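This report describes a protein structure for a reader who has not met it before. The sequence and the structure are shown first, and the description follows.

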Amino acid sequence: MVALANDASTEIERRVRAFCSDLNNRIPLLTVPPGTPDLRVIRCRIAPFNAGSAVRTPRQQAEFVSSNRSWVCWGAHMSDRARHVRLTSHGRYVADPRALFGAHFPLFTRLWGNLMRLHGLRNFRSGHGWGEGDGYHLELPGARIGRSDVRAQACLEEYVRITRLEGRPRNQRFERSYRDALAPHLERVLPAQRMTPNPPPVSGPGQRLL
Ligand SMILES: [Zn+2]
């Protein structure tokens, strides 16, 4: 069991499950006027494996970036040290806890942040407390892989491949932010004549790119 307990994926799962368990016990104790919202039906649980919660291969991470669901090639999912949770209310997914809790949202985020601290969890920015923008992402401290890590480099390469050769959408914000990191991969993947940042649209019938 010692080996298992030291395994990163086991550790993040253990902490996130304990976090949700505590949250489920404590949410009903928040002091809000009765029924606004009904705290007894709010549940936290770890997100399903196939919802992007667990470990991602470089190819999968590149697909997340391409579809605007991630903004880095070096996130904590690549090292299997991050999980997503989800809140439900009456069994239905809560996409926006701020809307659910309304004026009591700060009360909720204070509890959320305290429990993150208690269980040694960080938000998607590797910081403390509710991570506005990707609140359901929880990770271990120091979970990020380096940009020079072989997995991050493989993700950059896959990103270039799927967006330049396979017709997947480009993540403009990602490309602006990490132009330098992408440059060597663009050079390697693309033939010299197609090395423009935004190749002009193909005109005329019969012509096609790869
Ligand atoms: Zn995430």
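## A loop after helix 3

Asparagine 68 lies in the loop that runs between helix 3 and strand 2. The model is a predicted one. Although asparagine 68 is not a glycine, its phi is positive, at about 65°. This residue counts as partly exposed because 13 other C-beta atoms lie within 10 Å, where a buried residue would need 20 or more and an exposed one 12 or fewer.

The loop between helix 3 (58-66) and strand 2 also holds arginine 81. Arginine 81 has 22 other C-beta atoms within 10 Å and is therefore buried. Leaving aside residues up to four places away in sequence, arginine 81 touches Ala8, Ile12, Ala76, Glu139, Leu140 and Ala143. With alanine 143 the separation along the chain is 62 residues, while the C-alpha atoms are 5.6 Å apart.

## Overall composition

The protein contains 8 helices and 4 strands. Read from the N terminus, the order of the elements is α-α-β-α-β-β-α-α-β-α-α-α.

Of the 210 residues in the protein, 29% are buried. Among contacts with a separation of 6 or more, 65% are between residues 24 or more positions apart.

## The strands and their pairing

Strand 1 and strand 2 run antiparallel and are joined by 5 bridges. Two of the bridge partnerships can be named: arginine 43 is matched with threonine 88 in strand 2, and isoleucine 42 with serine 89 in strand 2. The two faces of strand 1 are unlike in their covering: Ile42, Cys44 and Ile46 form the covered face, and Arg43 and Arg45 form the uncovered one.

Strand 2 also pairs with strand 4 (residues 137-139), in the antiparallel sense and over 3 bridges. Here alanine 82 has glutamate 139 of strand 4 as its bridge partner. A further antiparallel pairing, over 2 bridges, links strand 2 with strand 3 (residues 92-93). In that pairing, threonine 88 stands opposite tyrosine 93 of strand 3.

## The hairpin turn

Strand 2 and strand 3 form a hairpin that has 2 residues between the strands. Histidine 90 is located in the loop between these strands. Its phi is positive, near 55°, in a residue other than glycine. With 10 other C-beta atoms within 10 Å, histidine 90 is exposed, because a count of 12 or fewer places a residue in that class.

## Helix 2 and its packing with helix 5

Helix 2 (residues 8-26) packs against helix 5 (residues 105-118) at an angle of about 145°, and the axes are 10 Å apart. The crossing of helix 2 over helix 5 is right-handed. Helix 2 contributes Phe19, Asp22, Leu23 and Arg26 to the contact, and helix 5 contributes Leu111, Leu115 and Met116. Sorted by class, this contact has 5 nonpolar, no polar and 2 charged residues.

Alanine 8 is also part of helix 2. It is partly exposed, with 15 other C-beta atoms within 10 Å. Not counting residues up to four places away in sequence, alanine 8 touches Ser79, Asp80, Arg81 and Leu140. Alanine 8 and leucine 140 are 132 residues apart in sequence, and their C-alpha atoms are 8.6 Å apart in space.

## The nonpolar cores

The largest nonpolar core has 23 residues, of which Val16, Phe19, Cys20, Val85 and Leu138 touch the most other members. Helix 2, strand 1 (42-46), strand 2 (82-89) and helix 5 each give two or more residues to this core. Helix 2 supplies the largest share, 5 residues.

Valine 85 touches Val16, Cys20, Cys44, Arg45, Ile46, Ala47, Tyr136 and Leu138, when residues up to four places away in sequence are not counted. Apart from the largest core there is a second, separate core of 15 residues, which includes Val72, Met78, Val160 and Leu182.

Methods: Residues numbered from 1 in each chain as written. Predicted model: local features only at pLDDT ≥ 70, side-chain atom pairs only at ≥ 80, totals over all residues. Axes fitted to C-alpha atoms, helices over the stretch in contact; angles between N-to-C directions. Left-handed = near helix turned anticlockwise from the far one by under 90°. Contact = placed C-beta atoms within 7 Å. Nonpolar A, V, L, I, M, F, W, Y, C, P; charged D, E, K, R; others polar. Core = buried A, V, L, I, M, F, W, Y, C linked by C-beta atoms within 7 Å. Pairing = 2+ DSSP bridges.
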